[in-house]
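Trainee: Before I rely on any of the labels used for this protein, I would like to go through the reasoning behind some of them with you.

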Amino acid sequence: MKRFFIGVVCIFMAMGTLHAQLSGYERPVKFGFDLGAGYANQWGNAYNAYDKNGIFAFSFGFDIDIYFKGVSFLEIGVDFARKGCRIQGHEWINNALYIDENNGGGPWKLQKGDKTVNNLYYLELPILYGVNVSIDHRVGWKFLIGPYFSLGVSGDKRSDFSHHYEDRPTVVSSFSKDYDYGFKRFDVGAKIGTGVEIGRATYIVAYELGLFNGLETKLYDYKVHNNSLMGVVSFRF
């Protein structure tokens with residue numbers, strides 16, 4: 001993790017150098033920050049045994065747009081983002097003290113009435129190819145697509161058990177392997193977005209989809225993928 005943070009610092013230093021050297025030349029550079037809010041959820045066969053709902057998602061960060069000749073550009077950023085979902089034991093799960101995975105209980109062994117919120121907080125590095133088509137001198141249409149790379153830096157699984165478990169804490173780290181199934185700290189996904197640029201502000205609707213299994217263990221072949229839909233406001237300088 002220490003190397004990751006050092007890498008983030010190096011990226012910001014490189015952004016500043018590029019901004020200073022290239023602004024106003026043939027390849028103008030725009031540096032800015034983003035604020036986003038929306039809806040996060042997860043999908044995969046690990047949730048077949050539960051009632052599942054999404055949670056409020058948010059993100060904020062900094063990025064840089066490096067324009068090439070014409071309307072195309074490369075956007076590189078660093079964002080802090082919340083992802084996850086909310087689950088509860090399905091009505092047909094039986095009342096055994098512990099539900100075995102082969103008995104349909106799923107990886108988190110929740111009985112009917114048990115609830116858990118999976119909170120996951122990531123540092124994300126999106127690297128996106130974009131186009132910015134001018135509509136008039138102050139308004140343009142933007143389209144972006146590309147991969148993102150995530151590092152889980154914090155998060156918890158907050159549970160409300162309707163049954164008494166003396167040996168199961170109600171709050172554990174999302175990335176812990178001590179209780180039930182933990183999530184991987186690293187994720188790679190695809191991001192796509194579109195919106196309008198008005199002056200220095202850009203209003204984007206963006207969708208992110210995790211491409212790899214987010215669960216730490218491969219036991220029983222359970223799979224989880226992150227996804228989120230966000231409205232993002234960006235300001236460029």
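Trainee: What do S5 and S6 form, and how many residues lie between them?

Mentor: Bearing in mind that the model is predicted, S5 and S6 make a hairpin, with four residues between them.

Trainee: How do you know that strand S5 (residues 115-134) and strand S6 (residues 139-160) pair?

Mentor: Pairing requires at least two bridges between the strands, and S5 and S6 have 18, running in the antiparallel sense, so they count as paired. One example is Leu123, whose bridge partner in S6 is Leu151.

Trainee: What makes S6 and strand S7 (residues 171-173) a pair?

Mentor: The threshold is again at least two bridges, and three join S6 to S7, which run antiparallel, so the criterion is met. Lys157, for instance, has Val172 in S7 as its bridge partner. S6 also pairs with strand S8 (residues 186-198), in the antiparallel sense over 13 bridges, and there Phe143 has Thr194 as its bridge partner.

Trainee: Why is Ser228 called buried?

Mentor: Buried means under 20% relative accessible area, and because Ser228 has 3%, the label applies. Ser228 is placed in strand S10 (residues 225-236) and, not counting residues up to four places away in sequence, touches Tyr39, Ala40, Lys83, Ala206, Tyr207 and Glu208.

Trainee: Why does Phe60 count as partly exposed?

Mentor: Phe60, in strand S3 (residues 55-67), has a relative accessibility of 41%; buried would need under 20% and exposed over 50%, so partly exposed is the label that fits Phe60.

How values were computed
Residues numbered from 1 in each chain as written. Predicted model: local features only at pLDDT ≥ 70, side-chain atom pairs only at ≥ 80, totals over all residues. Heavy atoms only, no water. Helix = DSSP H or I, 4+ residues; strand = E, 2+ residues; numbered from the N terminus. Buried < 20%, exposed > 50% of the residue type's maximum accessible area, 1.4 Å probe, protein only. Contact = heavy atoms within 4.5 Å.
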